[in-house]
Amino acid sequence: MSVILATAGYDHKIKFWEAPSGICSRTLRYPDSQVNCLEITPDKKFLAAAGNPHVRLFEINSSNHNPLLSCEGHTSSVTGLGFQREGRWMYTSSEDGTLKIWDLRSPGYQRSFKAPNNAPVNSVALHPNQAELVSGDNKGTVRVWDLGSSQCIKELVPDPDIPIRSVSVGEDGRHLVAASQNAEVFVWNLPGRSNSNGYNGAVGGMGSGGGGGGSGGGGGGGVEI
């Protein structure tokens with residue numbers, strides 16, 4: 001199978017590219033808004049595109065240009081999305097200050113998490129244990145959400161009021177990384193699942209210089225199929 005790239009942005013278009021040749025092989029219209037980010041389902045059959053304020057799923061190997069599913073429920077730009085390891089459900093973050101869990105068999109969300117500070121959420125990541133979500137928001141807070149109890153089990157504030165732009169968890173589940181608008185990267189050591197309330201790793205900051213990026217839904221994205 002040849003390598004295909006998918007890209008999107010503010011031009012309201014999703015493009016599929018043949019990576020070796022650089023030829024655009026397919027273009028989909030996304031007429032209602034810009035596309036903020038893209039994600040491929042684990043089985044590589046569908047492409048999820050996040051806009052304002054919805055997420056739409058398209059077939060990858062198909063001539064059908066219409067979405068198979070439109071997920072409605074957020075009230076502002078969707079800033080991040082991803083899938084559970086087996087593709088059973090999707091998770092999203094939004095500038096409306098919420099995280100949502102979606103069963104892909106229906107257009108509505110099944111669960112919603114809202115931070116007490118109502119800050120726009122800029123990024124979300126799923127822990128490899130598939131039982132916790134990590135979010136980063138515009139007020140500088142990183143939160144860990146337990147999906148079993150539907151509760152926030154930890155708040156980390158490396159630099160108050162400086163927006164967190166991106167969060168990620170290492171594949172082995174040992175480290176949590178957050179990048180801020182001040183061009184700093186913070187790393188925490190994570191505990192084992194048996195001690196999920198004890199995020200006691202030291203915080204480290206790396207980076208310097210003027211911050212990048214403003215708030216505001218959009219920016220496009222690209223993924224490899």
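Begin by selecting β8 and strand β9 (residues 89-94), which pair in the antiparallel sense over five bridges. The model on the screen is a predicted one. Within this pair, display L81 and T92: L81 stands opposite T92 in β9.

**The sheet around β8 and β9**

Extend the selection to β10 and β11. Together the four strands form an open sheet, in the order β8-β9-β10-β11, with antiparallel pairing. Which strands stand at the edges? They are β8 and β11; each has a single partner strand, so one side of each is left without a neighbour in the sheet. On average, neighbouring strands here are turned by 20 degrees against each other, direction ignored.

**The sheet from β4 to β7**

Next, select β4, β5, β6 and β7. These four strands also form an open sheet, ordered β4-β5-β6-β7, and the pairing is antiparallel. The edge positions belong to β4 (37-40) and β7 (69-71); because each has a single partner strand, one side of each is left without a neighbour in the sheet. Neighbouring strands of this sheet are turned by 20 degrees against each other on average, again with direction ignored.

Now restrict the view to β4 and strand β5 (residues 46-50). The two run antiparallel and are joined by four bridges. Label I40 in order to find its counterpart in β5: I40 stands opposite L47.

Then move to the loop between β6 (55-59) and β7, where S63 lies. Is S63 buried or exposed? Its relative accessibility is 71%, and S63 therefore counts as exposed. Add L28 to the selection and draw a line between the two C-alpha atoms: S63 and L28 are 9.9 Å apart in space, C-alpha to C-alpha, and 35 residues apart in sequence.

**The hairpin of β1 and β2**

Select strand β1 (residues 4-8) with its side chains displayed. In a regular strand, side chains alternate between the two faces of the sheet. In β1, the covered face consists of I4, A6 and A8, while L5 and T7 make up the uncovered one.

Add strand β2 (residues 13-18), which runs antiparallel to β1 and is joined to it by five bridges. A6, on the covered face of β1, has F16 as its bridge partner in β2. The two strands form a hairpin with four residues between them. In the turn, select H12, which has a positive phi of about 65 degrees.

**The hairpin of β14 and β15**

A further hairpin is found by selecting strand β14 (residues 142-146) and strand β15 (residues 151-156), which pair in the antiparallel sense over five bridges. Label W145 and C152: the bridge partner of W145 in β15 is C152. Four residues lie between β14 and β15 in this hairpin, and S150 in the turn has a positive phi of about 60 degrees.

**The cavity**

Keep W145 displayed, as W145 is one of the residues lining the largest cavity. How many cavities of 30 Å³ or more does the structure hold? It holds one, and about 50 Å³ of space lies in the largest cavity. To outline this space, select G97, T98, L99, F113, K114, A115, A119, V121, S135, D137, R143 and W145. Two or more of the lining residues come from each of β10 (98-103), β11 (109-114), β13 (132-137) and β14. By class, the lining has six nonpolar, three polar and three charged residues.

**The largest pocket**

Proceed to the largest pocket, in which about 440 Å³ of space lies. Select F83, Y91, L126, Q130 and V169; of the 18 residues lining this pocket, these lie nearest its centre. At least two residues of the lining are supplied by each of β4, β8 (78-83), β12 (121-126) and β16 (164-169). The lining of the largest pocket comprises eleven nonpolar, four polar and three charged residues.

**The cysteines**

Finally, select C24 and C71. Where does each fall between buried and exposed? C24 has 31% relative accessibility and so counts as partly exposed. C71 is buried, with a relative accessible area of 1%. With a cut-off of 2.5 Å between cysteine sulfur atoms, the count of disulfides comes to zero.

Notes
Residues numbered from 1 in each chain as written. Predicted model: local features only at pLDDT ≥ 70, side-chain atom pairs only at ≥ 80, totals over all residues. Heavy atoms only, no water. Pairing = 2+ DSSP bridges. Axes fitted to C-alpha atoms, helices over the stretch in contact; angles between N-to-C directions. 1 Å grid on protein atoms, 1.4 Å probe; cavity = no way out; pocket = protein on both sides within 12 Å on 5 of 7 lines; lining within 4 Å. Points joined across faces, edges and corners; volume = space filled by probe spheres on them. Nonpolar A, V, L, I, M, F, W, Y, C, P; charged D, E, K, R; others polar. Buried < 20%, exposed > 50% of the residue type's maximum accessible area, 1.4 Å probe, protein only.
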